[in-house]
Amino acid sequence: MSAEQPSRRAIIGQALVLWAVLIVLLAIAAVTAHIDLAPFNVPIMLVAAAIEVALVAVVGMELDRSPALLRLAAVTGVIWLVIMFTLSFSDFLTRAG
Amino acid sequence: MSDAALREPWEDLHRQREAARLGMWVFLATEVLFFGGLFLGYSAMRVAHPAAFAEAARETRFWFGSANLALLMTSSATMTVAVRGARAGFAGMARWCLLMTALIGIGFIAVKGVEYHLDLDDGLWPGPGFALGMAPGQIFWGFYWVMTGIHAVHLTIGIVLVLRLALLSWRGLIGLRDNPQMPVVGLYWHFVDIVWMCLYPLLYLVGRT
């Protein structure tokens with residue numbers, strides 16, 4: 001079932017790119033956390049973490065080349081998580097002031 | 001050798017691999033909810049006590065947490081090479097990358113151990129004699145110990161799984177190329193890395209300004 005046979009070089013190259021992007025995201029989150037950016041500190045660090053997670057899930061865990069069944073199984077946990085958070089914070093999110 | 005990995009009821013290794021990956025993804029979905037409960041508890045408490053949480057979080061060791069995140073990011077890259085290398089038939093490269101991945105994991109545990117030691121020296125264990133005094137600060141540190149502790153247990157299991165694969169392969173007892181255990185262990189390892197990526201901002205970056 002191996003459609004294409006990547007070379008050693010290609011495999012290592014892709015992993016190095018993944019690693020470099022992850023480290024840059026870590027650096028962005030770590031540096032901005034020490035600068036007062038008023039309301040944006042927490043969103044920046046959470047967005048950086050979300051991109052890191054997505055990169056590892058898509059590239060490292062190969063969701064980009066997985067069958068639909070596996071992608072569905074992967075997304076279910078996240079869907080229940082979103083429901084759990086949304087319902088738990090429904091009062092906090094909808095109350096004005 | 002590759003047939004040795006084939007188990008009932010599958011007719012070929014490809015189907016067995018897909019089934020094993022599906023099984024691991026379903027397990028990881030339950031893990032998302034397991035850790036999700038802790039993240040939810042943390043979030044609810046943080047909304048209730050934002051100032052105290054920021055103050056308590058300032059006491060975590062930024063450099064230790066950051067170094068450990070960099071270590072796990074590196075291990076994600078080596079694990080990616082191991083899984084893809086094994087599939088492409090580069091058994092030697094896959095074995096060495098498995099070994100590197102496990103060693104990086106052990107490095108993480110070592111850093112964490114030193115950090116725990118320093119935390120305890122500073123009186124950051126919730127309960128009588130807690131250094132920061134305030135109740136919400138104790139709640140933050142309660143989450144810190146529980147979440148990082150459970151993560152460390154997961155990582156230790158991952159290290160054992162990865163070392164086992166590397167050693168069995170080195171001794172010629174299993175092949176890695178079509179072995180369903182390879183992608184399954186890879187998925188588990190990446191998930192443990194992902195958990196730390198989520199823990200890092202909540203425990204080490206909050207309240208630094």
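What share of the 209 residues in chain B is made up of buried residues? I would like to start there, and the answer for chain B is 44%. Before going further I should say plainly that what we have here is a predicted model. For the complex, the predictor gives an ipTM of 0.94 together with a pTM of 0.95, and in chain B the pLDDT averages 95, with 99% of the residues scoring at least 70. A general caution still holds, namely that predicted coordinates should not be read in detail where pLDDT is low.

Let me take the overall build of the two chains. Chain B contains 6 helices and 0 strands, and along the sequence the pattern reads α-α-α-α-α-α. Taken along the principal axes, the C-alpha atoms of chain B fill a box of roughly 60 × 30 × 30 Å. If we consider contacts in chain B between residues at least 6 apart in sequence, 79% of them join residues that are at least 24 apart.

Chain A has 4 helices and 0 strands, running α-α-α-α from the N terminus on. The C-alpha trace of chain A spans about 60 × 35 × 10 Å along its principal axes, and its radius of gyration is 18 Å, where a compact globule of 97 residues would have one near 13 Å. Of those 97 residues in chain A, 26% count as buried.

Now to the place where the chains meet. The contact draws 44 residues from chain A and 41 residues from chain B. On the side of chain B that touches chain A, α1 (13-48), α3 (62-87) and α6 (181-205) each supply at least two residues, and the largest share, 14 residues, comes from α1(B). Sorted by class, that side of chain B has 26 nonpolar, 9 polar and 6 charged residues.

This leads to the nonpolar interior. The largest nonpolar core has 80 residues, and those with the most contacts inside it are A29(A) and Y200(B); the largest share of this core, 18 residues, comes from α6(B). And what is A29(A) in contact with, leaving aside its neighbours within four places in sequence? In chain A the partners are I44(A), M45(A), A48(A) and A49(A), and in chain B they are P201(B) and L205(B).

Let me turn to individual helices of chain B, beginning with α3(B). This helix has 26 residues and reaches 38 Å from its first C-alpha to its last, close to the 38 Å expected at 1.5 Å a residue. Because 20 of the 26 residues of α3(B) are buried, the helix is largely enclosed by the rest of the structure. Just after α3(B) comes G89(B), which takes a positive phi of about 95°.

Helix α4(B) can be checked in a similar way. At 1.5 Å a residue its 31 residues should span 45 Å, and the end C-alpha atoms are indeed 45 Å apart, which agrees. Which residues in α4(B) are buried? They are A94(B), C97(B), L98(B), T101(B), A102(B), I104(B), G105(B), F108(B) and D119(B). For reading a list like that, it helps to recall that an α-helix has 3.6 residues a turn, so residues three or four places apart point the same way. The cover over the buried residues of α4(B) includes α3, α5 (135-170) and α6 of chain B. After α4(B) comes G123(B), whose phi is positive, near 70°.

Two single residues are worth a look in the viewer. Y116(B) sits in helix α4 (residues 91-121) of chain B. Is Y116(B) buried or partly exposed? Y116(B) has 17 C-beta neighbours inside 10 Å, and therefore counts as partly exposed, since a residue is buried only if 20 or more lie within that distance. The C-alpha atom of Y116(B) is separated by 30 Å from that of W96(B), which is 20 residues away along the chain.

The other residue is P50(B), which lies in helix α2 (residues 50-57) of chain B. With 14 C-beta neighbours inside 10 Å, P50(B) counts as partly exposed. P50(B) and V153(B) are 103 residues apart along the chain, and their C-alpha atoms are separated by 29 Å.

Technical notes: Residues are numbered from 1 along each chain as its sequence is written. Chains are lettered from A and ligands numbered from 1 in the order in which they are written. This is a predicted model: local features need pLDDT of at least 70, side-chain atom pairs count only at pLDDT 80 or more; totals for chains, interfaces and linings use all residues. Two residues are in contact if their C-beta atoms, placed from the backbone, lie within 7 Å. Ala, Val, Leu, Ile, Met, Phe, Trp, Tyr, Cys and Pro count as nonpolar, Asp, Glu, Lys and Arg as charged, and the others, Gly among them, as polar. A residue is buried if 20 or more other C-beta atoms lie within 10 Å of its own, exposed if 12 or fewer, and partly exposed in between; C-beta atoms are placed from the backbone. The radius of gyration is taken over C-alpha atoms; the globule rule is 2.2 Å times the number of residues to the power 0.38. pLDDT is the predictor's confidence in each residue, from 0 to 100. The expected span of a helix is 1.5 Å times one less than its number of residues. A nonpolar core is a set of buried Ala, Val, Leu, Ile, Met, Phe, Trp, Tyr and Cys residues joined through C-beta atoms within 7 Å.
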